[in-house]
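Subject: Structure handover and findings

Hello,

Here is the structure for you to take over. Please open it alongside this email. My notes follow below it.

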Amino acid sequence: DMSDPSSKDPYLADCREKGGNLTTNIPMCHIDGVYRTQSLAVLRYVARKFGLYPEGDIELSYTIDNLIEAANDLRSCNYKPMKMMGGGEKEKKVYLEEALPKHLKNLARLLGSRDYFAGQFTVADITLYDALDVSNRQVPGILATEYPTLAAFHARVEARPNIQGGVSASRMRVIDDEQAAAAACLRSSRSRRRSGSASTASTAAAAASADLLFTAALRPREI
């Protein structure tokens with residue numbers, strides 16, 4: 001629980017010990033007995049290790065790096081309207097009407113008629129898939145209705161067996177976590193009502209919990 005200092009502080013101290021940085025150590029990747037830090041460095045390390053970052057072609061390497069940065073630009077754009085990131089109605093309006101369309105139009109331009117952004121499947125496609133997936137969940141169906149080539153790309157990447165397996169496992173974990181949290185909240189509200197101390201807030205919490213359980217069971221599973 002990162003909101004609890006008694007849990008957060010030991011966790012971060014452990015990350016500092018393993019990662020070695022006095023600044024940022026998460027996300028962290030543990031491969032071959034070595035802890036590796038800094039997200040973009042880890043991304044490129046893993047890509048090279050597993051053949052998703054072609055070597056020996058400086059122009060192709062530049063293209064891949066450029067695409068990774070385009071994905072990071074979209075990812076930052078996706079974060080700005082989020083409440084947890086301090087976003088409000090103003091940020092949502094800018095995101096929906098200006099920022100998101102600009103990024104998606106640019107990515108559609110970069111993809112063109114190709115199956116993959118660099119002409120072959122690379123780490124850039126995985127990074128772009130992830131950023132586009134967030135956009136498509138924040139504005140459901142925007143890829144299919146307004147950017148069909150990006151929607152086809154998204155489906156193409158997700159259909160790859162290893163991607164599909166990882167996405168399915170992640171979505172299952174999210175639903176399990178949501179259902180557990182909702183059930184706990186619902187039990188708490190019922191307990192308050194039985195003790196005669198139910199309030200408007202607890203009644204609303206119970207209703208919200210039940211709704212969360214219902215929608216989590218019916219909606220497409222999200223990452």
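Which residues does serine 61 touch, not counting residues up to four places away in sequence? Tyr53 and Pro54. Please keep in mind that this is a predicted model.

**Serine 61**

Serine 61 is part of helix α3. Its relative accessibility is 14%, so serine 61 counts as buried, the cut-off being under 20%. The side chain of serine 61 also reaches back to proline 54. There, the partner is the backbone oxygen, at 3.5 Å.

**Salt bridges**

How many salt bridges does the structure hold? The count is 9. Three of these are described here, starting with arginine 44 and aspartate 65.

The side chains of arginine 44 and aspartate 65 meet at 3.1 Å, N to O. Arginine 44 sits in helix α2 and aspartate 65 in helix α3 (residues 58-79), so this pair ties together parts that are 21 residues apart in sequence. Is arginine 44 buried or exposed? Arginine 44 counts as buried, because its relative accessibility is 16%. Aspartate 65 comes out at 24%, so aspartate 65 counts as partly exposed.

The next salt bridge joins the side chains of glutamate 97 and lysine 93, at 3.0 Å, N to O. Both residues lie in helix α4. They are 4 residues apart, about one turn of the helix. An α-helix has 3.6 residues a turn, so residues three or four places apart point the same way. Glutamate 97 has a relative accessible area of 52%, so glutamate 97 is exposed. The cut-off for that word is over 50%.

Then come aspartate 133 and arginine 137, whose side chains form a salt bridge at 3.2 Å, N to O. This pair lies in helix α5 (residues 123-138). The two residues are 4 apart, so about one helical turn separates them. Aspartate 133 has a relative accessibility of 3%, so aspartate 133 counts as buried. Arginine 137 has a relative accessible area of 29%, so arginine 137 is partly exposed.

**Histidine 154 and aspartate 133**

Aspartate 133 has another side-chain partner to look at: histidine 154. Their side chains make a polar contact at 2.7 Å. Histidine 154 is in helix α7. With a relative accessible area of 11%, histidine 154 is buried. Which residues is histidine 154 in contact with, leaving aside its neighbours within four places in sequence? They are Tyr129, Leu132, Asp133 and Leu143.

**Helices α4 and α7**

Two packed helices are described by the angle between their axes and the distance between the axes. For α4 (residues 89-111) and α7 (residues 148-158), the axes come within 9 Å. They cross at roughly 70 degrees. So α4 is roughly perpendicular to α7, since the range for that label is 65 to 115.

Which residues of α4 meet α7? Leu104, Leu107, Ala108 and Leu111 do. On the α7 side, the residues are Thr149, Leu150 and Phe153. By class, this contact has 6 nonpolar residues and 1 polar residue. Charged residues are absent from the contact.

**Helix α2**

Val42, Arg44 and Ala47 are the buried residues of α2. What do they pack against? The answer is β1, β2, α3 and α5. Arg44 is thus listed here as well as in the salt bridge with aspartate 65. After α2 comes glycine 51. Its phi is positive, near 75 degrees.

**Positive phi outside glycine**

Please check two loop residues as well. Aspartate 32 has a phi near 55 degrees, a positive value in a residue other than glycine. Aspartate 32 lies in the loop between β1 (28-31) and β2 (34-37). Its relative accessible area is 60%, so aspartate 32 is exposed.

Glutamine 38 has a phi near 70 degrees, also positive in a residue other than glycine. Where is glutamine 38? It is in the loop between β2 and α2 (39-49). Its relative accessible area is 40%, so glutamine 38 is partly exposed.

Best wishes

Technical notes
Residues numbered from 1 in each chain as written. Predicted model: local features only at pLDDT ≥ 70, side-chain atom pairs only at ≥ 80, totals over all residues. Heavy atoms only, no water. Buried < 20%, exposed > 50% of the residue type's maximum accessible area, 1.4 Å probe, protein only. Axes fitted to C-alpha atoms, helices over the stretch in contact; angles between N-to-C directions. Parallel < 35°, antiparallel > 145°, perpendicular 65-115°, else oblique. Contact = heavy atoms within 4.5 Å. Nonpolar A, V, L, I, M, F, W, Y, C, P; charged D, E, K, R; others polar. Salt bridge = Lys/Arg side-chain N within 4 Å of Asp/Glu carboxyl O. Polar contact = N/O pair within 3.5 Å; in protein donor to acceptor, adjacent residues only side chain to side chain.
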